[in-house]
Amino acid sequence: MTTTIVIRRPRPTKGQRRVLEGRRRFNAVRMGRRWGKTLLGIHLAEEILVPAEGPGRPVGWFAPNYKLFLDGWDNLAGRLRPIARSINATDKRIVLVNGGILEGWSLDTDDPARGRKYARVIFDEAGLVPNLGAVWRQAVRPTLIDYHGD
């Protein structure tokens with residue numbers, strides 16, 4: 001007997017739908033507070049972690065520090081709990097039964113996620129990272145090579 005678990009994604013707002021419809025491989029969204037950038041990130045992460053068909057793939061979530069990552073982490077951990085094989089709050093890592101993996105990273109070092117490979121990366125509150133360009137080029141963008149990720 002097979003059990004089906006459905007993860008309902010948050011319904012995007014009109015502005016979020018415009019971003020989703022016009023997206024490319026690499027995107028930057030600059031919006032004000034309360035616009036829903038973190039919720040948009042959750043939607044984008046879940047597209048890869050829990051696709052409509054096929055296995056889940058790995059996603060890296062990056063924030064300026066772990067405190068700013070907590071809202072997204074708590075939301076994702078709660079939403080993905082029914083299909084999680086393991087949730088490690090210390091390492092900020094969720095492994096799903098379908099093969100999807102979410103890993104959270106703090107950008108308070110210049111070399112996060114070295115050696116990892118992702119199908120998608122999400123930057124939350126990227127505007128608060130003083131060395132963002134260097135971290136992107138030297139540490140994060142190389143994690144997208146294996147999957148030709150976005």
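Partly exposed means a relative accessible area between the two limits that set the other classes: buried is under 20% and exposed is over 50%. Keep those cut-offs at hand for the close-ups below, which come from a predicted model.

**View 1. Arg23 and Glu47 meet in a salt bridge.** The N to O distance between these two side chains is 2.8 Å. The pair ties together distant parts of the chain, with Glu47 in helix H2 (residues 37-49) and Arg23 in the loop between H1 and H2, 24 residues apart. Arg23 has a relative accessibility of 32%, so it counts as partly exposed. A search of the whole structure finds seven salt bridges, and the next two views visit others from the model.

**View 2. Glu46 and Arg79 form a salt bridge between two helices.** Their closest N and O atoms are 2.6 Å apart. Distant parts of the chain are linked here too: Glu46 belongs to helix H2 and Arg79 to helix H3, with their positions 33 residues apart in the numbering. Is Glu46 buried or exposed? Its relative accessibility is 0%, so Glu46 counts as buried. Its partner Arg79, at 21%, is partly exposed.

**View 3. Arg116 reaches Glu103 through a salt bridge.** The closest N and O atoms of the two residues lie 3.1 Å apart. This pair also links distant parts of the chain: Arg116 sits in the loop between strand E4 (101-106) and strand E5 (120-123), while Glu103 is in strand E4 itself, 13 residues apart. Arg116 is partly exposed, with a relative accessible area of 35%, whereas Glu103 has 6% and is therefore buried. Elsewhere, salt bridges with shared partners connect Arg23, Glu47, Arg120 and Asp150 into one network. Arg23 and Glu47 from View 1 are thus members of that network.

**View 4. Strand E1 is largely enclosed by the rest of the structure.** Six of the six residues of E1 (residues 58-63) are buried, which is why the strand is described as enclosed. Which residues cover the two sides of E1? Pro58, Gly60 and Phe62 are on one side, Val59, Trp61 and Ala63 are on the other, and all of them are buried. E1 runs parallel to E4, to which six bridges join it. Within that pairing, Gly60 has Glu103 of E4 as its bridge partner; Glu103 is also the salt-bridge partner of Arg116 in View 3. E1 runs parallel to E5 as well, with four bridges joining the two. There, Trp61 stands opposite Ile122 in E5.

**View 5. Strands E2 and E3 form a hairpin.** The two strands, E2 (residues 84-88) and E3 (residues 93-96), run antiparallel and are joined by four bridges. Ala84 of the hairpin stands opposite Leu96 in E3. Four residues lie between the strands, and Lys92 takes a positive phi near 55°. For background, most residues other than glycine have a negative phi.

**View 6. Ala113 and Glu125 each have a positive phi.** For Ala113 the angle is near 65°, in a residue other than glycine. Ala113 is found in the loop between E4 and E5. With a relative accessible area of 1%, Ala113 falls under the 20% limit and so is buried. For Glu125 phi is near 60°, again a positive value in a residue other than glycine. Glu125 is located in the loop between E5 and helix H4 (132-140). Glu125 is partly exposed, at 33% relative accessible area.

**View 7. Leu80 is a buried residue of helix H3.** The helix covers residues 66-80. How accessible is Leu80? At 0% relative accessibility, Leu80 counts as buried. Its C-alpha is 8.3 Å from that of Ile94, a residue 14 positions away in sequence.

**View 8. A patch of positive charge gathers on the surface.** Its members are Arg11, Lys14, Arg17 and Arg18. One of them, Lys14, lies in helix H1 (residues 14-21). The relative accessibility of Lys14 is 63%, above the 50% cut-off, so it counts as exposed.

Terms used: Residues are numbered from 1 along each chain as its sequence is written. This is a predicted model: local features need pLDDT of at least 70, side-chain atom pairs count only at pLDDT 80 or more; totals for chains, interfaces and linings use all residues. Side-chain values use heavy atoms; hydrogens and water are left out. Two strands pair if DSSP finds at least two bridges between them. Patches are made of residues with over 30% relative accessible area and no salt bridge: like charges are joined within 9 Å, nonpolar side chains (Val, Leu, Ile, Met, Phe, Trp, Tyr) within 5 Å. Accessible areas come from the Shrake-Rupley method with a 1.4 Å probe; for residues, only the protein chains shown count as cover. A salt bridge is a side-chain nitrogen of Lys or Arg within 4 Å of a carboxyl oxygen of Asp or Glu. Lys and Arg count as positive and Asp and Glu as negative; His and the chain ends are not counted. The place of a charge is taken as NZ of Lys, CZ of Arg, CG of Asp or CD of Glu. Buried means under 20% relative accessible area, exposed over 50%, partly exposed in between (1.4 Å probe, protein chains only).
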